[in-house]
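Colleague: Got a minute? I'd like to go through this model with you. Can we begin with the empty spaces inside?

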Amino acid sequence: MIIDCHGHYTTSPAQHQAWRTAQLAALRDGTGVPPLPRISDDQIRDSIETGQLRIQRERGTDLTIFSPRAASMAHHDADANANAIWSAACNDLVHRVCTLFPRNFIGVCQLPQAPGADPAGCVAELRRCVQELGFIGCNLNPDPSGGHWSGAPMTDRSWYPLYEALVELDVPAMIHVSSSCNPNFHATGAHYLNGDTTVFMQLIEGDLFADFPTLKFIIPHGGGAAPYHWGRYRGLAQDMQRPLLEQHVLQNVFFDTCVYHQPGAELLAKVIPTKNILFASETIGAVRGIDPQTGFHYDDTRRYIDAIPWLDDAERAMIFEGNARTVYSRLTRQYDKQTSTLGVPA
């Protein structure tokens, strides 16, 4: 099985995002927020069958760990109460996708974060999604301010109630910013990668995993700058008298393969231990075009892993499947539950 650990519902029916626009307008104008839209199963099927499911079949992947659209989290656009309603609506829609396509999608949730809001306020939605909807993780925004970085680092104790819940539920968090409201930072070309890199450096500076030895983070988009500048981070850790990165962060931090060219994928596989790499494509996501140098889509990331010459079959199996089952420890059990009536073995 090939498991893609990073997929977003970027093709959700138009009235879903339209409701968020109406919600934000009502909050600005002081008018009543409209009721949530009615979205039929057929609309969901059409949005998936012509989008993510089609691409799964074309590219030979099997299961996507699926979450709401990252850019649409937009935590900076509203307060925690409004974002709680929006997050629940997004998570419920992803749950319906997983119910309609249990072989192909398994859920990860959006959290109702907001600038200045206590992260403890996210715990209830996390519990609902894991315990009631069968989700196996969450997306965690390290910068709910949308590019201004006005909050505390992720090693700050204000985050601890959320980390305690993640450990108790035994689910990982993918570090994932949302859209940028700062014109200095293009969302997918700068803000996403800045977020990944920033959190990695915060983890080097702090001692978070001494307090939470079983907490697991996935840093997406190939880890931002971390693999490319691995010597810099090793050196900084040494200057700060931190432990070696293998002990300090790599027992708890993992990277995905959303690196959209062959040399980048090979660099990732050379620098980062195989056990810390999870296959991902972020499809349908940030980069949708065809690379004129190869004739294939930039985000057809399976091709890059297949073409790394020094990986053996066991290492590819770890990247494609085994590591995801280890990091998302609820995955196998939830997949069995979703497919138990379909005759599909895990």
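Modeller: Sure. A cavity is a set of grid points where a 1.4 Å probe fits but cannot get out. Keep in mind that this is a predicted model.

Colleague: Why roll a probe at all?

Modeller: Because a probe the size of a water molecule, rolled over the atoms, shows where empty space is left.

Colleague: OK. How many cavities of 30 Å³ or more turn up?

Modeller: Two, in a search of the whole structure. The largest has a volume of about 130 Å³. It has 16 lining residues, and Asp 4, Ile 55, Thr 61, Ser 281 and Thr 283 are the closest to its centre.

Colleague: Which element gives the most to that lining?

Modeller: α3, with four residues. Both α3 (52-59) and β2 (63-68) supply at least two.

Colleague: And how do the lining residues divide by class?

Modeller: Seven are polar, five are charged and four are nonpolar.

Colleague: What volume does the second largest cavity have?

Modeller: About 30 Å³. Its lining includes Cys 5, His 6, Gly 7, Asn 139 and Tyr 328. β1 gives the most here, with three residues. Five lining residues are nonpolar, four are polar, and none is charged.

Colleague: Let's stay with β1. What about His 8, buried or exposed?

Modeller: His 8 lies in strand β1. It counts as buried because its relative accessibility is 3%, and the cut-off for buried is under 20%.

Colleague: Which backbone oxygen lies 3.1 Å from a polar atom of its side chain?

Modeller: The one of Pro 68. Leaving aside neighbours within four places in sequence, His 8 also contacts other residues, among them Gln 52, Phe 66, Asn 139, His 176 and Glu 282.

Colleague: New topic. Which residues touch the most other members in the largest nonpolar core?

Modeller: Leu 126, Leu 140, Tyr 163, Phe 200, Phe 217 and Phe 255, out of 67 residues in that core. Helix α6 (residues 160-169) gives the most to this core, with six residues.

Colleague: Take Leu 140. What does it touch?

Modeller: Not counting residues up to four places away in sequence, its partners include Leu 111, Met 154, Trp 159, Tyr 163, Ile 175 and Phe 217. His 176 is on that list too, and His 176 is also in contact with His 8.

Colleague: What lies apart from the largest core?

Modeller: Another core, of 19 residues. Ile 106, Val 108, Cys 258 and Leu 278 are among them. Val 108 also lines the second largest cavity.

Conventions: Residues are numbered from 1 along each chain as its sequence is written. This is a predicted model: local features need pLDDT of at least 70, side-chain atom pairs count only at pLDDT 80 or more; totals for chains, interfaces and linings use all residues. Side-chain values use heavy atoms; hydrogens and water are left out. A nonpolar core is a set of buried Ala, Val, Leu, Ile, Met, Phe, Trp, Tyr and Cys residues joined through side-chain atoms within 4.5 Å. Buried means under 20% relative accessible area, exposed over 50%, partly exposed in between (1.4 Å probe, protein chains only). Contact means heavy atoms within 4.5 Å. On a 1 Å grid over the protein atoms alone, a cavity is a set of points where a 1.4 Å probe fits but cannot get out, and a pocket is an open set with protein on both sides within 12 Å along at least five of seven lines; lining residues have an atom within 4 Å of a point. Grid points are joined across faces, edges and corners, and a volume is the space filled by probe spheres set on the points. Ala, Val, Leu, Ile, Met, Phe, Trp, Tyr, Cys and Pro count as nonpolar, Asp, Glu, Lys and Arg as charged, and the others, Gly among them, as polar. A polar contact is a pair of N or O atoms within 3.5 Å; within protein, one must be able to donate a hydrogen and the other to accept it, and residues adjacent in sequence count only if both atoms are side-chain atoms.
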